[in-house]
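This report looks at how the parts of one protein chain are held together, first through its charged side chains and then through its nonpolar interior. The sequence and the structure are shown here for reference.

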Amino acid sequence: MKLSMEVPGGWVLNGRKRWPGNSSFADVFVVLARNTSTNQINGFIVNGGSPGLKISKIENKVSMRIVQNCDILLEDTFVPDDDRLPGANSFQDLVNALSFGRVMVAWIGIGIAVGVYDACRRYLLERKQFGVPLAAFQLNQEKLVRMLGNIQAMSLLGWRLCKLHDAGKMTTGQASLGKAWITKQARETVAVGRELLGGNGIVTDFHVGKAFCDMETVYTYDGSYEINTLIVAREITGISSIRPSSRL
């Protein structure tokens with residue numbers, strides 16, 4: 001978003017944002033916009049139905065279909081001074097919010113992986129081939145154990161991040177590492193689960209196919225895997241490859 005110059009009694013917002021979730025029926029929007037005077041990020045509350053606020057739903061999604069993502073357009077939308085968020089005054093304030101959000105997104109990936117593991121375990125025990133449960137075959141057992149091992153590792157890292165956050169010690173790089181690695185492992189875990197169900201892994205009756213598609217969204221939003229790894233690398237090397245210095 002871009003924020004125009006301050007006006008008497010408030011602010012005027014201009015800009016657009018794609019993908020905000022459930023914005024088609026939201027009554028209140030939290031908007032982060034760049035102040036053209038200070039070049040800092042400010043936060044605002046925009047009420048639904050405000051003049052200049054236009055919302056259009058993104059159609060034909062195959063992932064996270066329960067979430068109604070939209071395109072939002074702000075054209076000379078007035079926001080009174082009382083609706084400016086006093087705690088959002090810089091890019092660092094935005095980074096702090098994103099860091100905590102990435103931990104939450106990581107746990108969504110863990111939850112999806114656990115759900116797929118549970119569905120696969122029940123499926124392998126109930127469905128029979130050649131007179132025995134699918135769970136009796138060695139290759140299926142190995143995949144099930146691999147899934148469980150991934151889930152245990154992801155859960156431990158997620159737990160550690162929560163402890164660091166509660167203690168006020170979590171860094172931006174640690175949050176990005178958790179989001180990147182956990183969602184990568186969750187993505188692989190869900191893919192193994194889809195393999196276990198064979199053809200039934202791509203139909204909605206068994207839910208695993210839907211989880212497989214949903215996991216693609218979780219892997220992507222709140223910073224892609226690649227962007228989050230670059231944030232981690234910047235923290236451990238002291239060198240940013242996102243905006244490298246011309247001297248390097």
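Does E188 count as buried, partly exposed or exposed, and what is its relative accessibility? In this predicted model, E188 counts as partly exposed, because its relative accessibility of 36% falls between the 20% limit for buried and the 50% limit for exposed residues. The side chain of E188 meets that of K184 in a salt bridge, with 2.9 Å from N to O, and K184 is likewise partly exposed, at 26% relative accessibility. Both residues belong to helix α3, where they lie four residues apart, about one turn of the helix. An α-helix has 3.6 residues a turn, so residues three or four places apart point the same way.

The structure holds eight salt bridges, and three of them are set out below.

| Pair | N to O distance | Relative accessibility |
|---|---|---|
| K54 and E75 | 3.0 Å | K54 45%, E75 39% |
| E142 and R146 | 2.9 Å | E142 40%, R146 37% |
| K184 and E188 | 2.9 Å | K184 26%, E188 36% |

The pair E142 and R146 sits within helix α2, its members being four residues apart, about one turn of the helix. The salt bridge between K54 and E75 joins two strands: K54 lies in β5 (residues 53-57) and E75 in β6 (residues 69-80), so this pair ties together parts that are 21 residues apart in sequence.

Turning to the interior, the largest nonpolar core comprises 28 residues, of which I112, V116, C120 and M147 touch the most other members. Helices α1 (91-126), α2 (138-166), α3 (172-196) and α4 (208-220) each supply at least two residues of this core, and the largest share, eleven residues, comes from α1. When residues up to four places away in sequence are not counted, V116 touches M147, V190, G193, V208 and A211. Apart from this core lies another, of eleven residues, including W11, L13, V31 and F44. In soluble globular proteins, nonpolar side chains tend to be buried together.

Helix α3 also permits a check on its geometry: at 1.5 Å a residue, its 25 residues should span 36 Å, and because its end C-alpha atoms are 36 Å apart, the expected and computed spans agree. Just after α3, G198 takes a positive phi of about 60°.

Note on methods:
Residues numbered from 1 in each chain as written. Predicted model: local features only at pLDDT ≥ 70, side-chain atom pairs only at ≥ 80, totals over all residues. Heavy atoms only, no water. Core = buried A, V, L, I, M, F, W, Y, C linked by side-chain atoms within 4.5 Å. Buried < 20%, exposed > 50% of the residue type's maximum accessible area, 1.4 Å probe, protein only. Contact = heavy atoms within 4.5 Å. Expected span 1.5 Å × (residues − 1). Salt bridge = Lys/Arg side-chain N within 4 Å of Asp/Glu carboxyl O.
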